[in-house]
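This briefing turns to charged side-chain pairs and then to the nonpolar interior, taking each topic in turn. Please read it alongside the sequence and the coordinates.

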Amino acid sequence: MRKIIQYFSKLSPLALLALLSNVITKMTGNLNFTTPAVPLLTLQAAKDLLATLIDKARDGSRQDKMQRDDQVKVVRELLRKQAAYVTLTANGDGTILESSGFELAKMPAPPEKVGQPMNV
């Protein structure tokens with residue numbers, strides 16, 4: 001069964017912004033996700049604000065960086081909610097999960113067989 005990687009807390013603000021952009025793009029008009037837990041307009045507004053705050057924080061004050069970090073927390077929570085919705089809706093279907101824009105965990109591969117030792 002395929003799963004979404006929920007590593008949002010480990011992503012930098014820029015990587016989080018990229019993931020959010022990808023999710024918005026892939027879920028817009030996607031017939032697999034007609035009633036998302038977090039409306040796409042809400043995600044878009046969060047993305048726009050995060051992008052603005054990232055720019056301000058680059059050479060900004062401590063206050064600018066704190067505002068960016070607060071928005072990062074908001075975006076992480078929105079992505080967690082959306083990932084839960086996508087997981088529930090897809091019911092393990094890898095094709096549907098992939099169409100959401102979230103990154104999927106790799107499927108575990110069976111261990112390789114060990115051959116017989118040579119020249120023993």
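In this predicted model, Asp64 is buried, with a relative accessible area of 15%, which falls under the 20% cut-off for that class. The side chain of Asp64 nevertheless meets that of Lys56 in a salt bridge, at 3.8 Å from N to O, and Lys56 is itself partly exposed, with a relative accessible area of 41%.

**Salt bridges**

- The count of salt bridges comes to 4, and the pair of Lys56 and Asp64 is one of them.
- Arg58 and Asp55 also meet through their side chains in a salt bridge, with 2.6 Å from N to O; both residues belong to helix α2 (residues 40-58), where they lie 3 residues apart, about one turn of the helix.
- Asp55 is partly exposed, its relative accessible area being 48%.
- A salt bridge also links Arg68 with Asp69, whose closest N and O atoms are 3.0 Å apart, and Asp69 counts as partly exposed at 34% relative accessibility.

**Nonpolar core**

- The largest nonpolar core has 27 residues, and those with the most contacts inside it are Leu79, Val86 and Phe102.
- Helices α1 (13-27), α2 and α3 (62-90) each supply at least two residues of this core, while α3 gives the most, with 8 residues.
- Once its neighbours within four places in sequence are left aside, Phe102 is in contact with Ile4, Phe8, Leu19, Val23, Leu79, Gln82, Ala83, Val86 and Leu97.
- As general background, nonpolar side chains tend to be buried together in soluble globular proteins.

Key: Residues are numbered from 1 along each chain as its sequence is written. This is a predicted model: local features need pLDDT of at least 70, side-chain atom pairs count only at pLDDT 80 or more; totals for chains, interfaces and linings use all residues. Side-chain values use heavy atoms; hydrogens and water are left out. Helices (H or I, at least four residues) and strands (E, at least two) are DSSP runs, numbered from the N terminus. Buried means under 20% relative accessible area, exposed over 50%, partly exposed in between (1.4 Å probe, protein chains only). A nonpolar core is a set of buried Ala, Val, Leu, Ile, Met, Phe, Trp, Tyr and Cys residues joined through side-chain atoms within 4.5 Å. Contact means heavy atoms within 4.5 Å.
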